[in-house]
Amino acid sequence: MIRSFLLTIVCLLATLLPPSAQTPPKYEVRAAWITAVYGLDWPRAKATSAAGIRKQQEELVEILDKLKAANFNTILFQTRTRGDVLYRSDIEPFNSILTGKVGQDPGYDPLAFAVEECHKRGMECHAWMVSIPLGGRKHVASLGNQSVTRRQPDICLRYKNEYFLNPGHPKTKEYLMSLVKEVVERYDVDGVHFDYLRYPERALRFPDSYDYRKYGKGRSLDQWRRDNITEIVRYIYKGVKQLKPWVKVSTCPVGKYRDTSRYSSKGWNAFHVVYQDVQGWLGEGIQDQIYPMMYFRGNAFYPFALDWQEQSNGRHVVPGLGVYFLHPSEGNWELDEIERQINFVRHHHLAGEAHYRVKFVTDNTQNLYDALLNDFYACPALQPPMTWADSIAPTPPARLSLHQIAEGYTRLQWEASTDNDGRNTPTYIVYASDTSPVDTENPANIVAIGIRGTEYIYAPILPWTSRRYFAVTAIDRYGNESAPSATVSRDSD
């Protein structure tokens, strides 16, 4: 008991370091959820005309520009809400938030646009898909004959005036995989991210007794339900890897797995309440990342974050931070609550953090954006590599050269790198400094990420911030970075 208490105190002390006391890591997931349901984060404008389309796209670009300026590198873009989607699907209708009308084509493909704009900025785009809930009666009725409740009623159940896909039906995983396959095959997404891949909370009377009798095979109801969710996770993970093994598969489970030796979950956890055996998924290797929704403070956060990391099996644990609680109407947390959590994540070498929701970041709630821009995310960061999927880096870029093309503008050019996975072309990272050779381990020397092609125009914002020495590395879709090119100097041009 005393040992557990002391360990918790040690963990808490680690979070008290000021931002300036820690150098931002070179490898870190810095993610934000862009929530489309109800237009909470995006969009505000309706795409019912050419002007409306431009406005809707401009709204998304404004969000991405602001995140890029603060060195975010991962966008969790809401792609499926509750039985409707934000891309051109053959299976489910367009979400009404785009045009004001269910199923109406907005005149462009929002997911394709989001992927393209993220990649322009060197950021990953993950398709965030709500999995099991289908919405209330009014919402389902609004979808009409396009609703899965009409098209495949055998895999749907009604519970407490809401509709859900039935995790206990063997065809549910196939239906979800059909949606995932559309997204992964048609779009250059970097990840698929599953929300609400769980049973409703404390669903003791969830109407699955028929399926339990048919498929339970002697297991307890609780274990059968956990196995159902695990089988969906396993089926989708393997399906994605067969299509594109570099696409990351992740979920955002309930933020506490279950009681730990350090602290009680106080009856609220993934394992017992919603039947998510997330640590089992990690141990089996059927997740690349998890984003546990750790929208808590104090001992409701730190011991459970540490527990996730200790049971991660080397996969990426990216705690979701409840930054919406900074708003006076939500919780009025002090900013230092989030600052301590980021410090803790870094001190214990978790893979990074995600912010829910993006609006509270871009609105600079409690000066959060300023803190990220100026302190925590002051330098760019690369994605942590997925070494369990591929650990071989591309060849280094060769024959790096540079030429002054105008006052203050320098063109860097190099020969393309090659990768062991011939299905992908590496992208490039440009480093610059005032010392030679350029230290590519220092994230402060990164000046560009995600360069597609073999040239880059270097143009410092201010003349006196211009740097003399340059090097380039290649990086593959799994996050493996090559050795650097030879360092070149503007003085030798």
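**View 1. Strand 1 and strand 2 of the predicted model.** Strand 1 (residues 29–34) and strand 2 (residues 74–80) run parallel and are joined by 4 bridges; strands here are DSSP runs of E with at least two residues, helices are runs of H or I with at least four residues, and both are numbered from the N terminus. Two strands count as paired if DSSP finds at least two bridges between them. Within this pair, Ala32 stands opposite Ile75 of strand 2. Helix 2 (residues 50–69) packs on the sheet and touches both strand 1 and strand 2, its direction making about 160° with that of strand 1. Contact means heavy atoms within 4.5 Å, and angles, from 0 to 180 degrees, are taken between N-to-C directions of axes fitted to C-alpha atoms, for helices over the stretch in contact.

The model is predicted, with local features requiring pLDDT of at least 70 and side-chain atom pairs counted only at pLDDT 80 or more, whereas totals for chains, interfaces and linings use all residues. Residues are numbered from 1 along each chain as its sequence is written, and side-chain values use heavy atoms, leaving out hydrogens and water.

**View 2. The open sheet and helix 3.** The sheet has 10 strands in the order 10-12-13-1-2-3-7-8-9-11, with parallel pairing. Its edge strands, strand 10 (293–294) and strand 11 (316–317), each pair on one side only. Helix 3 (residues 110–120) lies across strand 2 and strand 3 (124–130), running at about 175° to strand 2.

**View 3. The hairpin of strand 5 and strand 6.** Strand 5 (residues 156–159) and strand 6 (residues 162–165) run antiparallel, joined by 4 bridges, and Cys156 has Leu165 in strand 6 as its bridge partner. The hairpin has 2 residues between the strands, and Lys160 takes a positive phi near 55°.
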